[in-house]
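Work through the exercises below with the sequence and coordinates at hand. Each task is followed by a solution in steps.

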Amino acid sequence: LPISASTKAVSTGAGDDVVTYGGPVGTGGSIDGGADTDTIVMTAAQAATATGSATFAASVSNLEVLKLSAATGAGIAINMANADGMNHLDTVGVTIGALTVTGAAADFTLTQRAALAQASSVALLANTGTADNVNLAYTANDGFTSGAALTIASVESLKITTTDGNTTAQTAVIVTPITAAAAATVTVSGNMGVSLIGGMTQTTLTSLDASGLTATGAFGGLTWTAGALAAAATISGSAAGTNVITISAATKAVTYTGGTGADTVTVANALANTITLGNGTNIVNGAASGNNTVTGGTGADTYTTATTGNNTVSLGDGTNAFTATTGNNTYTGGTGIDTVIVTTGANTITLGGGTTANSVTVGASAGLNTVTTTSTGVDTMNYTAAPSAGGYYTSLTGWTKGDIINFTGASATESA
């Protein structure tokens with residue numbers, strides 16, 4: 001319904017109506033959207049002018065969504081306090097100048113249908129609460145990459161949703177750098193993957209939950225790098241997509257839970273992190289010197305750590321690999337093939353049952369190692385160096401006829 005300079009009181013009635021704005025109404029004119037969710041469509045310039053004073057708000061009522069008809073071609077300032085209660089701005093990209101949104105009420109929604117090429121911002125009219133929230137909705141036929149950050153000041157919560165606009169397979173995720181220094185709780189849901197790289201590094205974050213992302217594969221998951229988190233944080237990856245998570249900069253322990261897709265988690269700090277992987281093909285790596293607990297699923301899991309730390313590792317029933325240089329590690333395998341490599345330290349290694357052939361390699365140990373197997377397959381024990389001191393040795397339990405013990409290098413002087 002196009003309306004321009006009308007001198008009549010226009011009411012669209014019930015239903016989700018769309019009004020195309022042609023300019024201010026004339027004397028005696030007004031626009032009433034009626035019941036349900038009603039949208040008024042403007043150019044960016046019209047929206048800036050209309051919300052620049054209280055005149056527009058006095059001429060409209062019962063409208064819920066302000067939608068921009070095209071990408072902003074210049075710097076645009078929109079004051080939602082002058083939008084007669086509308087608290088949802090629908091945009092199709094920022095190309096030249098910044099989009100500055102002010103005066104929004106709590107639970108404001110910004111829909112973004114294309115990339116931000118210029119740094120933009122959202123500010124609430126009142127942000128003194130302790131649980132202020134902003135909703136960010138991304139809707140597109142395929143992923144896109146914003147080259148500039150969206151800054152949302154003084155809100156404690158963000159709810160991010162994604163919607164794939166067609167049935168064609170995705171070729172990219174939504175890349176959206178977000179600066180939200182006060183946000184402690186962030187949820188992500190929808191059927192398109194999200195990358196928060198370039199933003200979301202606030203120290204205040206305590207919960208990032210992307211388990212509501214339902215798409216599968218490389219373009220369905222969460223990509224995120226933590227900042228210097230000041231408090232313990234709980235992070236959940238997508239339900240079925242590929243998650244790429246880095247938590248090295250955290251200053252307090254992180255608890256991460258993956259989904260059924262492939263998880264890659266990088267951790268290089270001295271904290272006692274808890275990492276629970278899903279049933280995909282998963283990788284945990286990094287020079288972590290903390291005491292990490294890593295639990296795998298039914299897929300193939302690999303955990304490689306290149307420094308000290310007393311890790312507790314249980315990688316499930318897939319084809320798994322665990323490599324540690326030092327530290328006193330406890331490893332428990334499943335029914336799949338386990339490949340375990342430890343150098344120094346006092347390690348307790350339990351190989352799972354089943355008929356698979358497992359392999360354990362011990363270097364110049366600086367403690368007493370215990371290696372237990374319940375597998376009926378042909379297991380291999382490799383000694384690649386002599387213990388670092390007298391009195392250190394490796395105790396084997398459950399090893400039977402047919403299993404293999406190899407001595408190589410300096411360890412050849414050690415007796416079986």
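The exercises cover empty space, a core, strand pairing and one residue.

The model is predicted, so local features need pLDDT of at least 70 and side-chain atom pairs count only at pLDDT 80 or more, while totals for chains, interfaces and linings use all residues. Residues are numbered from 1 along each chain as its sequence is written, and side-chain values use heavy atoms, with hydrogens and water left out.

**Exercise 1. Internal space**

Task: State how many cavities of 30 Å³ or more the structure holds, and describe the lining of the largest cavity.

Solution. Step 1: set the terms. On a 1 Å grid over the protein atoms alone, a cavity is a set of points where a 1.4 Å probe fits but cannot get out; a pocket is an open set with protein on both sides within 12 Å along at least five of seven lines; lining residues have an atom within 4 Å of a point. Points are joined across faces, edges and corners, and the volume is the space filled by probe spheres set on them.
Step 2: the search of the whole structure gives 1 cavity of 30 Å³ or more, and the largest cavity holds about 30 Å³.
Step 3: its lining consists of T91, L99, L110, Q112, L116, S120 and L150.
Step 4: sort these residues, with Ala, Val, Leu, Ile, Met, Phe, Trp, Tyr, Cys and Pro as nonpolar, Asp, Glu, Lys and Arg as charged, and the others, Gly among them, as polar. The lining has 4 nonpolar, 3 polar and no charged residues.

**Exercise 2. The largest pocket**

Task: Give the volume of the largest pocket and the helices that each supply at least two lining residues.

Solution. Step 1: the volume is about 170 Å³.
Step 2: the lining residues are Y21, P24, V25, Q46, T49, A50, S53, T55, F56 and S59.
Step 3: α1 (44-50) and α2 (55-59) each supply at least two of them; helices (H or I, at least four residues) and strands (E, at least two) are DSSP runs, numbered from the N terminus.
Step 4: the lining divides into 5 nonpolar, 5 polar and no charged residues.

**Exercise 3. The largest nonpolar core**

Task: Which residues have the most contacts inside the largest nonpolar core, and which strand gives the most to this core?

Solution. Step 1: such a core is a set of buried Ala, Val, Leu, Ile, Met, Phe, Trp, Tyr and Cys residues joined through side-chain atoms within 4.5 Å. Buried means under 20% relative accessible area, exposed over 50%, and partly exposed in between (1.4 Å probe, protein chains only).
Step 2: the largest core has 88 residues, and F108, L158, I178 and W224 have the most contacts inside it. Strand β13 (residues 133-140) gives the most, with 4 residues.

**Exercise 4. Strand β5**

Task: Are the residues on the two faces of β5 buried or exposed, and which strands pair with β5?

Solution. Step 1: in a regular strand the side chains alternate between the two faces of the sheet.
Step 2: in β5 (residues 39-42), T39 and V41 on one side and I40 and M42 on the other are all buried.
Step 3: strands pair if DSSP finds at least two bridges between them. β3 (residues 18-21) pairs with β5 in the parallel sense over 3 bridges, with V19 opposite I40.
Step 4: β7 (residues 65-68) is also a parallel partner of β5, over 4 bridges, and M42 faces L68 there.

**Exercise 5. Residue A9**

Task: Is A9 buried or exposed?

Solution. Step 1: A9 lies in strand β2 (residues 9-11).
Step 2: A9 counts as exposed because its relative accessibility is 64%.
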